[in-house]
Amino acid sequence: MKLMTCPLNGERNISEFVYGGEVVDMPNPAACSDQEWSAYLFIEENTKGIVKEWWMHAASSYWFIAERNTETNEIIRTFPSSELYMQRVDFRAAKE
Amino acid sequence: MPLSLLKYGLTKQPKLQRHFPPTPELKNSYDVVIVGGGGHGLAAAYYLAKNWGITNVAVLEKSYLAGGNTARNTTIVRSNYLTPEGVQFYDESVKLFQNLSNELDYNILYSERGHLTLAHTDAAVRTARWRAEVNKHLGVDSELIYPDEIARLCPQLNLGDDVRYPILGALYHPPGALARHDGVAWGYARRAAEYGVEIHTQTEVTGFDIEKGKVVGVKTNRGNIQCGKVLQAVAGMSSEVARMADFKLPIKTIPLQACVSEAVKPFLDPIIVSGSLHVYVSQSSRGELVMGASAEAYPLYSTRSTLEFKEELMMHLLEMFPFVGKLRVLRQWAGMTDMTPDFSPVMGLTPIENYYIDAGWGTWGFKATPVCGKRMAETIATGKIPDLIKPFELERFYRNEQVGERGAASVGH
C-alpha cells in the first residue's frame, strides 16, 4: 500500500486521494491570448523528476500540494496550498 | 537412426542467418532520422523505403529493438471507435493488419477472434449503441448484442445476476483480432533493413541541433549526425524528447500494467473487454490469458508492478470467469503510456520545421502501428498531412477541436 500524508487528515492510503494535475500559474484570462489559455488548459510539462502537483483527499474534499518524484514515486512533502497561493482569484468576463 | 541424418549432423552445419544486420557505424548524415525503434518507428521506416523510395534512413533506439510499449501492450487490434475520425483511421489499420503477414512475408500470427465490449449499466449500453451506429455508418462491422447472443459467442462468461455488475449487453466487433506484437515490429524491421534502412540499437538521442526553428541535426551518445527530417516516435518519453527540441505536448506519462497467466488449453475465443469493470482479457495463441486493467490514477515514469493492480483486476475478472481463480499469474509488467486529454493520438507537424511527431498513443498504440507508419511516412515524404490523420494534429488543442475518444479508447471510464 502506497501512503500519502494529507496536511489535514494525516497518513492515508493513496487510493483515498485524487490527482489534480501540475501546479502551474494561471494566466490572466482577461489579458492572455487564446493560445496561452489553451496551453494552460491542455499542454503539460510532464516532467520526469521532482514536481509540484495538486492532490485532493476525496472523502474530505481537501485540496493541497505535494512534491513528488515522478521517476521514483517518492512523495517528498505535502503542504497546504496557502504556502503558495494566498490570494483568491476573482474571475471577470473578458472584454471582447 | 537413419544414416543420412547422422551424416547430416556430422557434416553440414545449418546456416544461421542474422535476423537483422548488426548495428552499423553512424554515418554523418541521413535524409530521415527516426527517434524510437518500436513498432511505429520501424513501420514508418519500412513505408518510407517501400512507398516513397527514401532509404537513407536511420532508426535510433536507446535500448533494444521494440522493447518499449511495443513489447508491453496486450496485442488487441480493432476499429470500433466512437468518433468518425477515429473509426476511419483505425479501420485502415485493421485492413493493413489483415494482410500484413503476406505483405512482410513474416508471420505475425494474426488471429481474428471477435471483440466484445461488455456493458453493465444503461449508460454503457447507450455508448455501445452509439459506437455500433457510427461504426456501421462507416462500413465497420459492429453491433449491439444482448446476453443470449453473448452466451452463444462466449459460453464461459458468467452472465448470471449474482454479481456486483451483471452483464446487460455488449458491443460485438467481429474483426477484432490479436497479433504477435514482437512479430509486427521484427517484420517491419527486417524488411526495412533489406531496403537499406539502418537500425541503430543502444543509440540514445541526447539533443537536437535546431537552427532558426528548423531541425538540422541529432545528437546521440554515439556522436552527432546531420539530418534532413526527424520523426519522433517514443511512446512514454514523448514529453522529455520533445523538451530537447524545445516544444511541449498535451501528454501525461501514466503507467499501464498487464499480466499473463500460465498457459492452458484454448477455451476463450473472443477478446473480452469490460469498461465498467476495468478488465480486458484474451487467450493468446500459446494459451496464456493476457489481462490488463485501466491506466493508473496519476503520472509516473516507471514500469514497476503493484499488488494493488493484481487485486483489483482479479476481483473483477473472477466475476466474469469464476473458474480462473485456479490459474496462476506467470508474469506481470507495465508500460509508460502517453495519455492525452481527448484519448486520441498526436500526429503530424510540430512547431519545429522538419520535425514530425508521432505520440500520444496512450493505451491504443499497437493497433495503429501499420496505419501510423504508413501515414507518417507519407507526411514526411510529401510534406503534406494526409486527410486521414489531419484531425490528430497537435494544433487541435489550440483550436479546441479535440477528437474525444474517451468512450471507446480506454477502459477507465
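This tour proceeds from chain A, across its contact with chain B, to the domains, helices and strands of chain B.

**Before selecting anything**

The structure is a predicted model, in which local features need pLDDT of at least 70 and side-chain atom pairs count only at pLDDT 80 or more, while totals for chains, interfaces and linings use all residues. Residues are numbered from 1 along each chain as its sequence is written, and chains are lettered from A and ligands numbered from 1 in the order in which they are written.

For the complex, the predictor gives an ipTM of 0.92 and a pTM of 0.94. Colour chain B by pLDDT, the predictor's confidence in each residue, from 0 to 100. The mean for chain B is 95, and 99% of its residues reach 70 or more.

**Stop 1: chain A**

Select chain A and display it as a cartoon. It contains one helix and six strands; here helices (H or I, at least four residues) and strands (E, at least two) are DSSP runs, numbered from the N terminus. Along the sequence, the elements of chain A follow the pattern β-β-β-α-β-β-β. The C-alpha trace of chain A spans about 50 × 30 × 20 Å along its principal axes.

Next, select strands 3, 4, 5 and 6 of chain A. These four strands form an open sheet in the order 3-4-5-6, with antiparallel pairing; two strands pair if DSSP finds at least two bridges between them. Which strands lie at the edges of this sheet? They are strand 3 (17–22) and strand 6 (75–80) of chain A, each of which pairs on one side only. On average, neighbouring strands of the sheet are turned by 30° against each other, direction ignored.

Now restrict the view to strand 3 and strand 4 (residues 50–57) of chain A, which run antiparallel and are joined by four bridges. Show the residues A:Tyr19 and A:Trp55: the latter, in strand 4, is the bridge partner of the former.

**Stop 2: where chain A touches chain B**

Display both chains. The contact takes 12 residues from chain A and 17 residues from chain B; two residues are in contact if their C-beta atoms, placed from the backbone, lie within 7 Å. Select helix 1 (residues 34–42) of chain A, which provides three residues, the largest share of the side of chain A that touches chain B. By class, that side has three nonpolar, five polar and four charged residues. In this classification Ala, Val, Leu, Ile, Met, Phe, Trp, Tyr, Cys and Pro count as nonpolar, Asp, Glu, Lys and Arg as charged, and the others, Gly among them, as polar.

**Stop 3: the domains of chain B**

Hide chain A and colour chain B by domain. Domain 1 covers 26–73 + 182–249 + 342–409, and domain 2 covers 112–174 + 252–339; such bounds come from an automatic or database domain assignment. The centres of the two domains, taken over C-alpha atoms, are separated by 30 Å. Their contact takes 14 residues from domain 1 and 12 residues from domain 2 of chain B. On the domain 1 side, select helix 3 (69–72), helix 9 (238–244) and helix 13 (406–409) of chain B, each of which supplies at least two residues. The domain 1 side divides into four nonpolar, nine polar and one charged.

**Stop 4: two helices of chain B**

Select helix 2 (residues 39–52) and helix 8 (residues 181–194) of chain B. How do these helices pack, and how far apart are their axes? They pack at an angle of about 35°, with their axes 8 Å apart. Axes are lines fitted to C-alpha atoms, for helices over the stretch in contact, and angles run from 0 to 180 degrees between N-to-C directions. Show the side chains of the contact, including B:Leu42 and B:Tyr46 of helix 2 and B:Val184 and B:Tyr188 of helix 8. The residues of this contact divide into 10 nonpolar, one polar and one charged.

**Stop 5: three consecutive strands of chain B**

Select strand 10 (residues 205–211) and strand 11 (residues 214–220) of chain B, which run antiparallel and are joined by six bridges. B:Phe208 stands opposite B:Val218 in strand 11. In the hairpin of these strands, which has two residues between them, B:Lys212 takes a positive phi near 50°.

Finally, add strand 12 (residues 223–232) of chain B, which is joined to strand 11 by four bridges and runs antiparallel to it. A hairpin through two residues connects strand 11 to strand 12 of chain B. Here B:Gly217 has B:Gln226 of strand 12 as its bridge partner.
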